[in-house]
Amino acid sequence: MESIGNKNLAAVIHGKMDMRLEAIAITEPQDNEVQIAMGSVGICGSDLKYWMYAKCGSFSLQKPMVIGHEGSGTIVKLGRNVKHLQLGDRVAIEPTIPCRACDLCKHGRYNLCPDVTCCATPPVDGNICHLYNHAADFCYKLPKNVSLNEGAMLEPLAVAVYGCERGGVRVGSTVLICGAGPVGALTMMVAKSMGAQKVCITDIDDHRLSVVKSLGADLTLKILDGKDPKQIATDIEGLMGYRPDITLECSGSDDSFITALYCTKSGGCIVLIGRGSMEPKIPILEAAVREVDIKGVFRYANCYPKALAMVQSGFIDVNPLITHHFDLKETVKAFETARSRETNSIKVMIHCDQ
(Lines give C-alpha, C1' and ligand atoms only; values in the text may rest on other atoms or scores of the structure.)
Protein backbone atom coordinates (compact mmCIF):
# COMPACT_ATOMS: atom_id res chain seq x y z
CA MET A 1 0.00 0.00 0.00
CA GLU A 2 1.32 3.41 -0.96
CA SER A 3 1.03 6.15 1.64
CA ILE A 4 2.52 9.59 1.86
CA GLY A 5 3.20 10.50 5.48
CA ASN A 6 -0.20 10.37 7.13
CA LYS A 7 -2.04 10.59 3.82
CA ASN A 8 -3.09 8.16 1.09
CA LEU A 9 -3.66 8.23 -2.66
CA ALA A 10 -7.18 8.85 -3.99
CA ALA A 11 -8.94 9.64 -7.28
CA VAL A 12 -10.55 13.07 -6.79
CA ILE A 13 -13.06 14.76 -9.12
CA HIS A 14 -12.59 18.56 -9.21
CA GLY A 15 -14.95 19.42 -12.06
CA LYS A 16 -15.94 18.45 -15.60
CA MET A 17 -13.28 16.10 -17.03
CA ASP A 18 -10.98 17.06 -14.16
CA MET A 19 -9.85 14.04 -12.17
CA ARG A 20 -6.65 14.15 -10.15
CA LEU A 21 -4.71 11.60 -8.12
CA GLU A 22 -4.10 13.26 -4.78
CA ALA A 23 -2.92 12.39 -1.30
CA ILE A 24 -5.79 12.70 1.18
CA ALA A 25 -5.73 12.51 4.95
CA ILE A 26 -6.15 9.23 6.80
CA THR A 27 -8.64 9.56 9.67
CA GLU A 28 -9.23 7.06 12.45
CA PRO A 29 -12.44 5.02 12.16
CA GLN A 30 -15.24 6.12 14.46
CA ASP A 31 -16.61 3.77 17.13
CA ASN A 32 -19.03 2.01 14.75
CA GLU A 33 -16.80 2.10 11.68
CA VAL A 34 -14.08 -0.01 10.16
CA GLN A 35 -11.07 1.14 8.17
CA ILE A 36 -10.68 -0.73 4.91
CA ALA A 37 -7.66 -1.17 2.68
CA MET A 38 -9.50 -0.92 -0.60
CA GLY A 39 -9.04 -3.77 -3.04
CA SER A 40 -11.40 -3.63 -6.04
CA VAL A 41 -13.69 -0.79 -7.11
CA GLY A 42 -15.87 -0.95 -10.22
CA ILE A 43 -16.70 2.08 -12.37
CA CYS A 44 -20.42 2.87 -12.50
CA GLY A 45 -22.34 5.02 -14.97
CA SER A 46 -22.91 7.58 -12.22
CA ASP A 47 -19.14 7.80 -11.66
CA LEU A 48 -18.72 8.60 -15.36
CA LYS A 49 -21.38 11.31 -15.16
CA TYR A 50 -19.68 13.04 -12.23
CA TRP A 51 -16.40 12.92 -14.15
CA MET A 52 -17.85 14.11 -17.46
CA TYR A 53 -20.47 16.62 -16.27
CA ALA A 54 -19.77 17.22 -12.53
CA LYS A 55 -23.35 16.13 -11.89
CA CYS A 56 -25.63 13.10 -11.98
CA GLY A 57 -29.38 13.61 -11.99
CA SER A 58 -30.26 16.06 -9.21
CA PHE A 59 -26.84 15.72 -7.51
CA SER A 60 -24.13 18.22 -8.43
CA LEU A 61 -20.49 18.41 -7.38
CA GLN A 62 -20.16 20.94 -4.55
CA LYS A 63 -16.47 20.51 -3.82
CA PRO A 64 -13.66 18.13 -4.84
CA MET A 65 -14.87 14.58 -4.20
CA VAL A 66 -13.23 11.17 -4.11
CA ILE A 67 -15.04 9.06 -6.71
CA GLY A 68 -16.12 5.41 -6.59
CA HIS A 69 -18.77 3.40 -4.71
CA GLU A 70 -18.70 -0.19 -6.01
CA GLY A 71 -16.06 -1.37 -3.58
CA SER A 72 -14.54 -4.18 -1.57
CA GLY A 73 -11.41 -4.51 0.53
CA THR A 74 -9.75 -5.81 3.68
CA ILE A 75 -10.33 -4.50 7.21
CA VAL A 76 -7.20 -3.01 8.78
CA LYS A 77 -8.70 -1.14 11.75
CA LEU A 78 -11.80 -1.58 13.92
CA GLY A 79 -13.88 0.99 15.75
CA ARG A 80 -14.20 0.07 19.42
CA ASN A 81 -17.90 -0.93 19.17
CA VAL A 82 -17.43 -3.26 16.19
CA LYS A 83 -17.80 -6.90 17.25
CA HIS A 84 -19.07 -8.82 14.20
CA LEU A 85 -16.02 -8.16 12.02
CA GLN A 86 -12.31 -8.83 12.59
CA LEU A 87 -9.00 -7.49 11.33
CA GLY A 88 -8.18 -9.17 8.05
CA ASP A 89 -11.80 -9.83 7.06
CA ARG A 90 -12.50 -9.16 3.41
CA VAL A 91 -15.72 -7.21 2.97
CA ALA A 92 -18.08 -5.85 0.35
CA ILE A 93 -19.16 -2.28 1.06
CA GLU A 94 -22.80 -1.28 0.73
CA PRO A 95 -22.26 2.43 0.00
CA THR A 96 -25.46 3.87 1.47
CA ILE A 97 -25.67 4.85 5.15
CA PRO A 98 -29.14 5.81 6.48
CA CYS A 99 -30.12 7.34 9.83
CA ARG A 100 -31.55 3.99 11.00
CA ALA A 101 -34.15 5.80 13.16
CA CYS A 102 -36.76 7.39 10.87
CA ASP A 103 -40.05 5.77 9.85
CA LEU A 104 -38.72 4.71 6.45
CA CYS A 105 -35.65 3.09 7.99
CA LYS A 106 -37.76 1.26 10.57
CA HIS A 107 -39.98 -0.10 7.79
CA GLY A 108 -36.99 -1.43 5.88
CA ARG A 109 -36.92 1.22 3.15
CA TYR A 110 -33.72 2.82 4.35
CA ASN A 111 -32.68 3.72 0.79
CA LEU A 112 -35.38 6.43 0.94
CA CYS A 113 -34.26 7.82 4.30
CA PRO A 114 -34.24 11.64 4.05
CA ASP A 115 -30.84 11.70 5.73
CA VAL A 116 -29.25 8.85 3.78
CA THR A 117 -25.71 9.39 2.50
CA CYS A 118 -23.85 7.44 -0.15
CA CYS A 119 -20.24 7.03 -1.23
CA ALA A 120 -19.38 9.33 -4.13
CA THR A 121 -22.68 11.19 -3.99
CA PRO A 122 -21.95 14.87 -3.28
CA PRO A 123 -20.71 15.94 -0.88
CA VAL A 124 -19.68 12.51 0.48
CA ASP A 125 -16.36 11.04 -0.65
CA GLY A 126 -16.17 7.68 -2.39
CA ASN A 127 -13.62 4.89 -2.13
CA ILE A 128 -11.22 4.82 -5.08
CA CYS A 129 -8.38 5.28 -2.64
CA HIS A 130 -6.02 3.19 -0.51
CA LEU A 131 -7.72 3.58 2.88
CA TYR A 132 -11.41 4.22 3.48
CA ASN A 133 -13.65 4.29 6.59
CA HIS A 134 -17.21 2.97 6.48
CA ALA A 135 -20.06 2.02 8.82
CA ALA A 136 -19.41 -1.53 9.97
CA ASP A 137 -23.06 -2.61 9.74
CA PHE A 138 -23.00 -1.86 6.00
CA CYS A 139 -19.94 -4.04 5.38
CA TYR A 140 -20.51 -7.69 4.48
CA LYS A 141 -17.88 -10.34 5.16
CA LEU A 142 -16.92 -12.23 2.03
CA PRO A 143 -16.65 -16.01 2.25
CA LYS A 144 -13.45 -17.65 1.02
CA ASN A 145 -14.90 -18.55 -2.39
CA VAL A 146 -15.90 -14.95 -3.22
CA SER A 147 -13.13 -12.71 -4.58
CA LEU A 148 -12.68 -8.99 -4.03
CA ASN A 149 -13.70 -8.44 -7.67
CA GLU A 150 -16.91 -10.34 -7.05
CA GLY A 151 -17.39 -8.39 -3.82
CA ALA A 152 -17.25 -5.13 -5.76
CA MET A 153 -19.80 -6.51 -8.24
CA LEU A 154 -22.32 -6.99 -5.43
CA GLU A 155 -23.24 -3.29 -5.75
CA PRO A 156 -24.62 -3.42 -9.32
CA LEU A 157 -25.97 -6.91 -8.60
CA ALA A 158 -27.93 -5.48 -5.66
CA VAL A 159 -29.43 -2.92 -8.06
CA ALA A 160 -30.53 -5.78 -10.32
CA VAL A 161 -32.02 -7.76 -7.43
CA TYR A 162 -33.94 -4.72 -6.19
CA GLY A 163 -35.21 -3.87 -9.67
CA CYS A 164 -36.52 -7.40 -10.21
CA GLU A 165 -38.16 -7.37 -6.79
CA ARG A 166 -39.82 -4.03 -7.51
CA GLY A 167 -41.13 -5.42 -10.79
CA GLY A 168 -42.48 -8.58 -9.21
CA VAL A 169 -40.44 -10.96 -11.36
CA ARG A 170 -41.40 -14.54 -10.50
CA VAL A 171 -41.70 -18.01 -12.00
CA GLY A 172 -43.30 -17.73 -15.43
CA SER A 173 -42.82 -13.98 -15.88
CA THR A 174 -42.08 -12.60 -19.32
CA VAL A 175 -39.58 -9.79 -19.13
CA LEU A 176 -38.19 -7.06 -21.38
CA ILE A 177 -34.92 -5.40 -20.33
CA CYS A 178 -33.89 -2.17 -22.05
CA GLY A 179 -30.11 -1.78 -22.00
CA ALA A 180 -27.40 -4.47 -21.98
CA GLY A 181 -24.78 -2.65 -19.92
CA PRO A 182 -23.56 -4.05 -16.58
CA VAL A 183 -26.84 -3.45 -14.74
CA GLY A 184 -28.96 -4.65 -17.66
CA ALA A 185 -26.89 -7.83 -18.01
CA LEU A 186 -27.07 -8.52 -14.27
CA THR A 187 -30.81 -7.79 -14.28
CA MET A 188 -31.25 -10.37 -17.02
CA MET A 189 -29.31 -12.94 -14.98
CA VAL A 190 -31.32 -12.20 -11.82
CA ALA A 191 -34.64 -12.33 -13.69
CA LYS A 192 -33.73 -15.74 -15.08
CA SER A 193 -32.68 -16.93 -11.62
CA MET A 194 -36.05 -15.81 -10.23
CA GLY A 195 -37.83 -18.02 -12.74
CA ALA A 196 -38.63 -15.69 -15.64
CA GLN A 197 -39.93 -17.76 -18.53
CA LYS A 198 -38.56 -15.55 -21.28
CA VAL A 199 -36.26 -12.54 -21.19
CA CYS A 200 -35.69 -10.23 -24.15
CA ILE A 201 -32.98 -7.56 -23.89
CA THR A 202 -32.38 -4.58 -26.17
CA ASP A 203 -29.35 -2.37 -26.79
CA ILE A 204 -27.67 -0.23 -29.46
CA ASP A 205 -24.41 -2.21 -29.22
CA ASP A 206 -23.86 -5.53 -31.01
CA HIS A 207 -21.05 -6.63 -28.70
CA ARG A 208 -23.05 -6.18 -25.53
CA LEU A 209 -25.98 -8.03 -27.06
CA SER A 210 -23.70 -10.94 -27.94
CA VAL A 211 -22.41 -11.03 -24.36
CA VAL A 212 -25.87 -11.12 -22.76
CA LYS A 213 -26.95 -13.76 -25.27
CA SER A 214 -24.03 -15.93 -24.17
CA LEU A 215 -25.03 -15.38 -20.52
CA GLY A 216 -28.59 -16.60 -20.95
CA ALA A 217 -30.80 -13.99 -22.60
CA ASP A 218 -33.53 -15.75 -24.58
CA LEU A 219 -33.90 -12.98 -27.15
CA THR A 220 -31.96 -9.87 -28.14
CA LEU A 221 -32.85 -6.90 -30.32
CA LYS A 222 -30.54 -4.19 -31.62
CA ILE A 223 -32.07 -0.72 -31.46
CA LEU A 224 -31.30 1.42 -34.49
CA ASP A 225 -30.62 5.12 -34.05
CA GLY A 226 -33.63 7.33 -34.68
CA LYS A 227 -36.19 4.54 -34.91
CA ASP A 228 -39.64 5.43 -33.59
CA PRO A 229 -40.21 4.00 -30.08
CA LYS A 230 -43.72 2.88 -31.02
CA GLN A 231 -42.33 0.87 -33.94
CA ILE A 232 -39.65 -0.62 -31.68
CA ALA A 233 -42.43 -1.74 -29.33
CA THR A 234 -44.14 -3.45 -32.26
CA ASP A 235 -40.86 -5.13 -33.20
CA ILE A 236 -40.38 -6.40 -29.64
CA GLU A 237 -43.90 -7.78 -29.51
CA GLY A 238 -43.29 -9.55 -32.81
CA LEU A 239 -40.00 -11.01 -31.58
CA MET A 240 -41.39 -12.20 -28.22
CA GLY A 241 -44.76 -13.26 -29.59
CA TYR A 242 -46.59 -11.13 -27.02
CA ARG A 243 -46.20 -8.06 -24.86
CA PRO A 244 -44.00 -8.65 -21.78
CA ASP A 245 -45.47 -8.72 -18.29
CA ILE A 246 -42.62 -6.59 -16.93
CA THR A 247 -40.24 -4.10 -18.51
CA LEU A 248 -37.07 -3.22 -16.63
CA GLU A 249 -35.61 -0.03 -18.11
CA CYS A 250 -31.85 -0.04 -17.47
CA SER A 251 -30.51 2.22 -20.22
CA GLY A 252 -31.52 5.64 -18.91
CA SER A 253 -32.86 6.52 -22.37
CA ASP A 254 -36.10 8.49 -22.59
CA ASP A 255 -36.90 6.73 -25.87
CA SER A 256 -36.55 3.36 -24.13
CA PHE A 257 -39.01 4.53 -21.49
CA ILE A 258 -41.45 5.48 -24.24
CA THR A 259 -40.92 2.10 -25.89
CA ALA A 260 -41.69 0.44 -22.55
CA LEU A 261 -44.96 2.39 -22.25
CA TYR A 262 -46.12 1.11 -25.64
CA CYS A 263 -44.70 -2.39 -25.27
CA THR A 264 -45.60 -3.58 -21.76
CA LYS A 265 -48.80 -5.58 -21.58
CA SER A 266 -51.97 -4.09 -20.11
CA GLY A 267 -51.93 -4.52 -16.36
CA GLY A 268 -48.16 -5.00 -16.44
CA CYS A 269 -45.33 -3.11 -14.79
CA ILE A 270 -42.45 -0.86 -15.83
CA VAL A 271 -39.49 -0.38 -13.48
CA LEU A 272 -37.21 2.61 -14.07
CA ILE A 273 -33.75 1.42 -13.05
CA GLY A 274 -31.79 3.68 -15.40
CA ARG A 275 -31.73 7.46 -15.06
CA GLY A 276 -33.18 9.42 -17.96
CA SER A 277 -33.78 13.15 -18.22
CA MET A 278 -35.39 15.07 -15.35
CA GLU A 279 -38.59 15.91 -17.29
CA PRO A 280 -39.08 13.44 -20.16
CA LYS A 281 -41.90 13.94 -22.63
CA ILE A 282 -43.83 10.68 -22.49
CA PRO A 283 -47.28 9.38 -23.57
CA ILE A 284 -48.42 8.84 -19.99
CA LEU A 285 -52.03 8.09 -20.97
CA GLU A 286 -50.76 4.96 -22.72
CA ALA A 287 -49.91 3.66 -19.26
CA ALA A 288 -52.94 5.15 -17.50
CA VAL A 289 -55.67 3.70 -19.73
CA ARG A 290 -54.01 0.27 -19.82
CA GLU A 291 -53.18 0.26 -16.08
CA VAL A 292 -49.47 -0.20 -16.62
CA ASP A 293 -47.77 0.49 -13.29
CA ILE A 294 -44.63 2.63 -13.36
CA LYS A 295 -42.23 2.10 -10.46
CA GLY A 296 -39.02 3.88 -9.59
CA VAL A 297 -35.83 2.49 -8.14
CA PHE A 298 -33.49 4.41 -5.87
CA ARG A 299 -30.41 2.30 -5.24
CA TYR A 300 -31.63 -0.74 -3.19
CA ALA A 301 -32.56 -1.88 0.29
CA ASN A 302 -31.83 -5.21 2.00
CA CYS A 303 -30.40 -6.67 -1.20
CA TYR A 304 -26.68 -7.10 -0.45
CA PRO A 305 -27.15 -10.36 1.48
CA LYS A 306 -29.23 -11.77 -1.39
CA ALA A 307 -26.68 -10.67 -3.98
CA LEU A 308 -23.86 -12.22 -1.93
CA ALA A 309 -25.79 -15.49 -1.58
CA MET A 310 -26.29 -15.65 -5.37
CA VAL A 311 -22.56 -15.25 -5.98
CA GLN A 312 -21.39 -17.48 -3.13
CA SER A 313 -23.64 -20.33 -4.28
CA GLY A 314 -22.45 -20.04 -7.85
CA PHE A 315 -26.00 -19.31 -8.97
CA ILE A 316 -24.82 -16.14 -10.70
CA ASP A 317 -21.34 -15.69 -12.16
CA VAL A 318 -20.45 -12.01 -12.41
CA ASN A 319 -16.90 -12.56 -13.68
CA PRO A 320 -17.68 -12.59 -17.44
CA LEU A 321 -18.86 -8.98 -17.11
CA ILE A 322 -15.49 -7.75 -15.76
CA THR A 323 -13.68 -6.89 -18.97
CA HIS A 324 -10.87 -4.49 -18.00
CA HIS A 325 -8.48 -4.07 -15.05
CA PHE A 326 -6.41 -1.04 -13.98
CA ASP A 327 -4.43 -0.08 -10.90
CA LEU A 328 -5.18 3.05 -8.89
CA LYS A 329 -2.58 5.18 -10.67
CA GLU A 330 -4.33 4.38 -13.97
CA THR A 331 -7.74 5.62 -12.84
CA VAL A 332 -8.06 8.28 -15.54
CA LYS A 333 -7.25 5.70 -18.21
CA ALA A 334 -9.78 3.36 -16.61
CA PHE A 335 -12.50 6.02 -16.86
CA GLU A 336 -11.59 6.73 -20.48
CA THR A 337 -11.90 3.01 -21.20
CA ALA A 338 -15.29 2.78 -19.50
CA ARG A 339 -16.57 5.78 -21.46
CA SER A 340 -15.49 4.57 -24.92
CA ARG A 341 -17.71 2.18 -26.89
CA GLU A 342 -14.70 1.23 -29.00
CA THR A 343 -13.10 -0.64 -26.09
CA ASN A 344 -16.04 -3.07 -25.76
CA SER A 345 -15.86 -2.59 -22.01
CA ILE A 346 -18.66 -3.76 -19.77
CA LYS A 347 -17.39 -3.49 -16.20
CA VAL A 348 -14.04 -1.78 -15.65
CA MET A 349 -12.37 -2.66 -12.35
CA ILE A 350 -9.79 -0.52 -10.50
CA HIS A 351 -7.41 -2.30 -8.11
CA CYS A 352 -6.57 0.08 -5.31
CA ASP A 353 -4.10 -2.35 -3.74
CA GLN A 354 -1.83 -2.30 -6.81
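**Exercise 1. Work out whether Lys265 is buried, exposed or partly exposed in this predicted model, then find its salt-bridge partner.**

Step 1. Start with the accessibility: Lys265 has a relative accessible area of 33%. Buried means under 20% and exposed means over 50%, so Lys265 comes out as partly exposed.

Step 2. Now look for a carboxylate. The side chain of Lys265 meets that of Asp245 in a salt bridge, at 2.9 Å from N to O.

Step 3. Place the two on the chain. Asp245 sits in the loop between α6 (229-240) and β17 (246-249), while Lys265 sits in the loop between α7 (254-263) and β18 (269-272). The pair is 20 residues apart and links distant parts of the chain.

**Exercise 2. Show what the Lys77 and Glu28 pair ties together, and say how accessible each partner is.**

Step 1. Check the contact: the two side chains form a salt bridge, with 2.7 Å from N to O. A salt bridge here needs a side-chain nitrogen within 4 Å of a carboxyl oxygen, so this pair makes the cut.

Step 2. Find the elements. Lys77 belongs to strand β8 (residues 70-78), and Glu28 to the loop between β3 and β4. These parts are 49 residues apart in sequence, so the pair ties them together.

Step 3. Compare the partners. Lys77 is partly exposed at 31% relative accessibility, whereas Glu28 is exposed at 53%.

**Exercise 3. Do the accessibility check for the salt bridge between Asp18 and Arg20, then place it in the overall count.**

Step 1. The Asp18 and Arg20 side chains meet at 2.9 Å, N to O.

Step 2. Asp18 has a relative accessible area of 23%, which makes it partly exposed. Arg20 is partly exposed too, at 38%.

Step 3. As for the total, the model has 14 salt bridges, among them the one between Asp18 and Arg20.

**Exercise 4. Describe the second largest pocket: its volume, the residues closest to its centre, and the make-up of its lining.**

Step 1. Begin with the volume, which is about 390 Å³.

Step 2. Go to the centre. The lining has 22 residues, and the closest to the centre are Thr27, Asp125, Gly126, Tyr132 and Asn133.

Step 3. Map the lining onto elements. Those giving two or more residues are β3 (18-25), β4 (33-42), β11 (117-118) and β12 (131-135). Of the elements, β12 gives the most, with four residues.

Step 4. Sort the lining by class: 13 residues are nonpolar, seven are polar and two are charged.

Terms used: Residues are numbered from 1 along each chain as its sequence is written. This is a predicted model: local features need pLDDT of at least 70, side-chain atom pairs count only at pLDDT 80 or more; totals for chains, interfaces and linings use all residues. Side-chain values use heavy atoms; hydrogens and water are left out. On a 1 Å grid over the protein atoms alone, a cavity is a set of points where a 1.4 Å probe fits but cannot get out, and a pocket is an open set with protein on both sides within 12 Å along at least five of seven lines; lining residues have an atom within 4 Å of a point. Grid points are joined across faces, edges and corners, and a volume is the space filled by probe spheres set on the points. Ala, Val, Leu, Ile, Met, Phe, Trp, Tyr, Cys and Pro count as nonpolar, Asp, Glu, Lys and Arg as charged, and the others, Gly among them, as polar. Buried means under 20% relative accessible area, exposed over 50%, partly exposed in between (1.4 Å probe, protein chains only).
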